[in-house]
Amino acid sequence: MNRKRLGVLGALTAAALAVTVAVVPGAHAANEIVIWADETRGPHLTSVFAAKGDWVPGYTIKVVTFSSYDALGAAFDKTSGTTGPDILVAGNDWVVASAKSGKLAPVTLTAGQKSHFTPSQFYDLSYQGKLYGIPVDINNVSMIYNTKLVKTAPTSFGDMVNFYKANKTALGLKAGLCISGGGMAWGGLSVFSALGANPYQMYNGRPNYHYTFDPAVFASNVKTYLLDANGKSNGFYPATDTGCMDNFLAGTVPYSVIGNWHWKTFVDKGFAMNLMPVPGAKAGTYGQMFGSVSGAFLTAYAEKHGVAVGAKSLLVNFFASTAGQVAYEALEGRPPAEKGAQSSPLVSDAQKGFGQAAGLSSMPQIGAFLGNNSGGANYWDSSGAYWTAVLVNGKDPLVEAKKLSKMWAKNVAAGKGDL
């Protein structure tokens, strides 16, 4: 997820495990593999390693847990010399900068090991043709609908809009579709895409560097589905995610995009996990979502600490294995990236549902494009600004779409050198 906003001897013992909230840990012990993770992944990894201690014989493991994802990133940014971890568990959008700076080390997998994952997942964790980590879990969103309001799954974007318009007054609806997870830029990509706009396009597993979305088609869909006869918002899609989750849980919004990190909140409130991508303007099509992966990365510090062999073994034996991902995701609750874990009966239906939704309509999150300001603004800022301009300030959707298409095309052209 966007950071602005994812054979040797001996025995591994639970006594060797440690969880701390730290800024930068001290010196490494002999044969100790140090893993850095955020506030949820760290404790879960520790629990898994405490329950099963033979993933890498001959090494102990120390899991250092940071207070937040941002705190983890800030600490890793400051690492130098021997102060860093041996394995970093983080989002794919850290790869480019960390590989360029020399803080990550390449990982080599056999064809058999690679077959446990999809090629796009490796693309997410690669820089200039080299792989730097193991795909651990899928970061994505999906749409659910309130079965107390909506009896059948929508087949098109228009189905949802028609339901909203027909029932807005009778059901006291505050919106038709809103973003409960991931924010308007990351989580809201599905709506942009469903209506005809993507920040870039993939072709045969690679970016299409010459792609620009058609502003006329996108603007026409915005007018048809999101604006009234006077060119003002019809209320179906709010320009902000503020209050969305509360409104959906309260039954005043029939459709919502949720994140795979908080699905248990909806289950606990009695909502069915009828997960699906946001339907497209054309029946039978879907808007694309960011289907990136978090990874377990080998760092350059492992070699300096003398534990590179053990760290590589842990990446393969635990992070790249069905058993390892099943054990970990049973606690973390995200969709596992490894194919065997995805089909395991020990993985929840919700986790499988998010994985299936990603399989239908996901696209890799390419930080070199999304964070690029060459067109005037990056994707993260410009996407939300579009909805504010059109749905709040009443600006012409076509004029604003032309600006957006031109901007994103320049960002892709400028960012391709970092791939």
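Which residue caps the N-terminal end of H18? In this predicted model, that residue is Asn378, which places a side-chain oxygen 3.0 Å from the backbone nitrogen of Trp380.

**Helices H18 and H19**

The table sets out the two helices.

| Helix | Number of residues | Span, first to last C-alpha | Expected span at 1.5 Å a residue |
|---|---|---|---|
| H18 | 14 residues | 19 Å | 20 Å |
| H19 (residues 397–415) | 19 residues | 26 Å | 27 Å |

The span of H18 is close to the expected value, and that of H19 is likewise close to its own expected value. Just after H18, Gly394 adopts a positive phi of about 70°. At the start of H19, a side-chain oxygen of Asp396 comes to within 2.8 Å of the backbone nitrogen of Leu398.

The buried residues of H18 include the aromatic residues Tyr379, Trp380, Tyr386 and Trp387, together with Ser382 and Ser383. Packing against the buried residues of H18 are helix H7 (183–187), H8, H9, strand E13 (289–290), H17 and H19. In H19, the buried residues include Pro397, Glu400, Ala401, Leu404, Trp408 and Gly415. Their cover includes helix H8 (189–194), helix H9 (215–226), helix H17 (367–370) and helix H18 (379–392).

**Nonpolar cores**

In soluble globular proteins, nonpolar side chains tend to be buried together. Here the largest nonpolar core has 59 residues. Those with the most contacts inside this core are Phe157, Leu177, Phe218, Leu226, Tyr237 and Trp387. H18 gives the most to this core, contributing 6 residues. Apart from this core lies another, of 56 residues, among them Leu125, Ile134, Ala311 and Phe319.

Phe218 illustrates the contacts of one core residue. Leaving aside residues up to four places away in sequence, Phe218 touches Phe192, Leu195, Gly196, Ala197, Phe213, Tyr386, Trp387 and Ala401. Of these partners, Tyr386 and Trp387 are buried residues of H18, while Ala401 is a buried residue of H19.

**The disulfide**

A disulfide is a covalent bond between the sulfur atoms of two cysteines. The structure holds 1 disulfide, formed by Cys178 and Cys244 with their sulfur atoms 2.0 Å apart. Cys178 belongs to strand E9 (residues 177–179) and Cys244 to helix H10 (residues 244–249), so the pair ties together parts that are 66 residues apart in sequence. The link of Cys178 and Cys244 is right-handed, with 75° about the S-S bond. Both Cys178 and Cys244 are buried.

Terms used. Residues are numbered from 1 along each chain as its sequence is written. This is a predicted model: local features need pLDDT of at least 70, side-chain atom pairs count only at pLDDT 80 or more; totals for chains, interfaces and linings use all residues. Side-chain values use heavy atoms; hydrogens and water are left out. A disulfide is a pair of cysteine sulfur atoms within 2.5 Å. Helices (H or I, at least four residues) and strands (E, at least two) are DSSP runs, numbered from the N terminus. Buried means under 20% relative accessible area, exposed over 50%, partly exposed in between (1.4 Å probe, protein chains only). The expected span of a helix is 1.5 Å times one less than its number of residues. Contact means heavy atoms within 4.5 Å. A polar contact is a pair of N or O atoms within 3.5 Å; within protein, one must be able to donate a hydrogen and the other to accept it, and residues adjacent in sequence count only if both atoms are side-chain atoms. A nonpolar core is a set of buried Ala, Val, Leu, Ile, Met, Phe, Trp, Tyr and Cys residues joined through side-chain atoms within 4.5 Å.
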